[in-house]
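Please open the structure in your viewer and keep the selection panel at hand. The stops below can be followed one after another.

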Amino acid sequence: MSLINEYTNHEIKTFDKDHVWHHLTPGSAADNGLPVFVKGQGLDLWDIDGNQYLDASAGGVWVTNTGYGRKEIVDAISEQLLDLNFFASAMGNKPAAIFASHLIDKMPGMNRVFYSSSGSEANEKAFKMVRQISHKKYAGKKSKILYRERDYHGTTIAALSATGQSQRRDQFGPFVPDFVEFPHCFEYRSQFEETVDYGVKAAQLMEDVILQEGPDTVGAVIIEPITAGGGIITPPEGYLKAVEQICKKHNVLLILDEVVCGLGRTGKWFGYQHYDIQPDIVTMAKGVASGYAAISCTVTTEAVYKDLQESDNTDKLGYFRDISTYGGCLAGPAAAIANMNIIEKENLIENSAKMGDLLLVGLQELKTKYPIIGDVRGKGLLVGIELVTDSTSKQPVDETLAISIFAKCKQAGLLIGRTNRSFAEFNNILNMSPALCVTEAQIQQILTTLDQAFSDLTVDLTQA
Ligand code: PMP
């Protein structure tokens with residue numbers, strides 16, 4: 001018997017209740033009626049009480065791109081760890097070298113991979129690169145980093161300082177100086193009366209902030225190509241291209257946070273690749289190893305890398321003096337190589353695009369049936385629906401209604417994603433982001449279950 005399986009279910013639940021401090025959740029799993037999961041295979045999950053679920057949330061937070069139970073990834077990790085489990089990444093190792101080369105093959109224009117272990121950390125590295133370039137090239141003046149309303153970039157204090165979600169930030173200040181917010185580009189809730197050329201107009205709002213702050217003080221802009229936790233917001237035509245051009249014009253680095261969008265989630269290797277743009281820095285985590293190991297990457301152009309090399313003898317400390325103990329070691333890149341191999345072998349990028357289209361079409365049909373669905377949006381398998389009281393006022397529904405749909409789906413054995421209950425701002429948005437190996441039958445199951453949940457909710461509301 002393994003060290004884990006020697007305990008009874010009752011003991012596990014008691015240990016959890018007494019000692020585990022759950023993320024984003026007050027109280028224990030038991031207090032909140034939340035499952036303790038024990039097994040996964042493909043998109044199927046089982047909890048400790050034997051209940052089975054179809055997971056349309058990729059592990060709750062867009063992680064398990066290749067699905068559960070992938071023996072090839074587990075074998076790749078275990079073979080690597082038996083050969084060598086650790087040495088600090090100042091030195092070289094085989095899987096880190098191989099994965100970097102495979103990754104760069106998918107990212108024309110990019111050339112260097114800096115490893116760490118989480119999305120927040122990958123963004124921290126990007127911010128440190130920008131700050132150090134500011135010192136090396138601009139006498140410390142180009143230190144400001146602009147971030148966008150509603151985008152999330154992580155949990156550490158600097159990543160939170162770059163996050164445009166007030167309820168995530170609440171009670172955690174003071175924040176790091178020189179992070180400045182600019183308005184979002186959210187066509188469904190446009191700032192303008194007229195939405196013609198909305199993308200270009202919204203990008204102009206970013207340029208306005210660069211001009212206000214002074215272009216010689218702004219080092220970088222960070223954006224999620226498709227906003228995930230802030231409400232599954234896809235950029236309209238022309239927006240990201242205009243953002244890229246404005247950044248170039250003002251000599252501002254463009255950082256794209258692909259922590260959610262990366263590795264096929266949106267139907268291309270990277271979300272930004274839908275929009276014909278060339279970033280300077282790209283960060284990624286989650287789908288890089290689909291949750292089999294903790295790995296994240298900060299990928300840069302050769303130009304950014306060169307800016308951070310020691311330039312001459314007067315600048316002995318001028319290289320990027322950064323380390324994370326587990327970055328690039330060794331389970332992470334070993335898992336990432338095997339994960340990428342599965343994505344390629346099983347054509348999961350194409351499947352993500354195709355199944356995502358099916359899901360969007362099905363959700364659009366539900367929207368015509370249920371007026372509470374105000375908007376359906378997404379790309380590939382990053383899809384969301386926004387619930388409103390009516391389509392004219394677009395007033396967000398009370399969060400209890402979104403919770404009710406989530407709970408009805410769970411009751412019927414379907415796990416969808418939901419912005420956390422503490423989010424007064426976005427608690428009317430639900431998301432569906434199954435693993436990229438989802439089948440047509442599973443997409444149908446997701447749609448049928450949602451249809452039933454909305455139908456039941458309609459009955460509840462008429463009876464209330
Ligand atoms: N960026 C984005 C877009 C994210 O959604 C997240 C996590 N949800 C992060 C960064 C932070 O990643 P991590 O939790 O791995 O630090």
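Select Tyr-115 first, and then look across to strand β10, where its bridge partner is Cys-297; bear in mind while looking that this is a predicted model. Extending the selection to strand β4 (residues 112-116) shows the pairing to which that bridge belongs, since β4 and β10 run antiparallel to one another over 5 bridges. Next select strand β9 (residues 281-284), which also pairs with β10 in the antiparallel sense, here over 4 bridges, and in which Ile-281 has Thr-300 of β10 as its bridge partner.

Now show the side chains of β10 (residues 296-300), a strand that is mostly covered, with 5 of its 5 residues buried. Ser-296, Thr-298 and Thr-300 point one way from the strand, whereas Cys-297 and Val-299 point the other way, and all of them are buried.

Keep Cys-297 selected and add Ile-145, Val-221, Val-243, Ile-255 and Ala-335, for these are the residues with the most contacts inside the largest nonpolar core, which has 126 residues. Helix α11 (residues 331-345) supplies the largest share of this core, 8 residues, and the core draws at least three residues from each of domain 1 (35-64 + 347-463) and domain 2 (72-345). In soluble globular proteins, nonpolar side chains tend to be buried together.

From the core, centre the view on Val-221, which, leaving aside its neighbours within four places in sequence, is in contact with Leu-146, Met-206, Val-243, Cys-247, Val-252, Leu-254 and Ile-255. Two of these names, Val-243 and Cys-247, lead to helix α9 (residues 239-249), where they are buried along with Tyr-239, Leu-240, Ala-242, Glu-244 and Ile-246. To see what covers the buried residues of α9, display α8 (198-213), β7 (218-223) and β8 (253-257), which are among the covering elements. After the helix comes Asn-251, whose phi is positive, near 55°.

Which residues are closest to the ligand? Among the 16 that surround it, they are Ser-118, Gly-119, Ser-120, Gly-154 and Val-259. Helix α5 (residues 119-138) gives the most to this shell, with 3 residues, and the shell as a whole divides into 6 nonpolar, 8 polar and 2 charged residues.

For the last stop, select Lys-408 in helix α13 (residues 399-411). Is this residue buried or partly exposed? Lys-408 is partly exposed, because 19 other C-beta atoms lie within 10 Å, and a buried residue would need 20 or more. Beyond its neighbours within four places in sequence, Lys-408 is in contact with Ala-453, Asp-456 and Leu-457.

Methods: Residues are numbered from 1 along each chain as its sequence is written. This is a predicted model: local features need pLDDT of at least 70, side-chain atom pairs count only at pLDDT 80 or more; totals for chains, interfaces and linings use all residues. A nonpolar core is a set of buried Ala, Val, Leu, Ile, Met, Phe, Trp, Tyr and Cys residues joined through C-beta atoms within 7 Å. A residue is buried if 20 or more other C-beta atoms lie within 10 Å of its own, exposed if 12 or fewer, and partly exposed in between; C-beta atoms are placed from the backbone. Helices (H or I, at least four residues) and strands (E, at least two) are DSSP runs, numbered from the N terminus. Domain bounds come from an automatic or database domain assignment. Two residues are in contact if their C-beta atoms, placed from the backbone, lie within 7 Å. A residue is near a molecule or strand if its C-beta atom, placed from the backbone, lies within 6 Å of it. Ala, Val, Leu, Ile, Met, Phe, Trp, Tyr, Cys and Pro count as nonpolar, Asp, Glu, Lys and Arg as charged, and the others, Gly among them, as polar. Two strands pair if DSSP finds at least two bridges between them.
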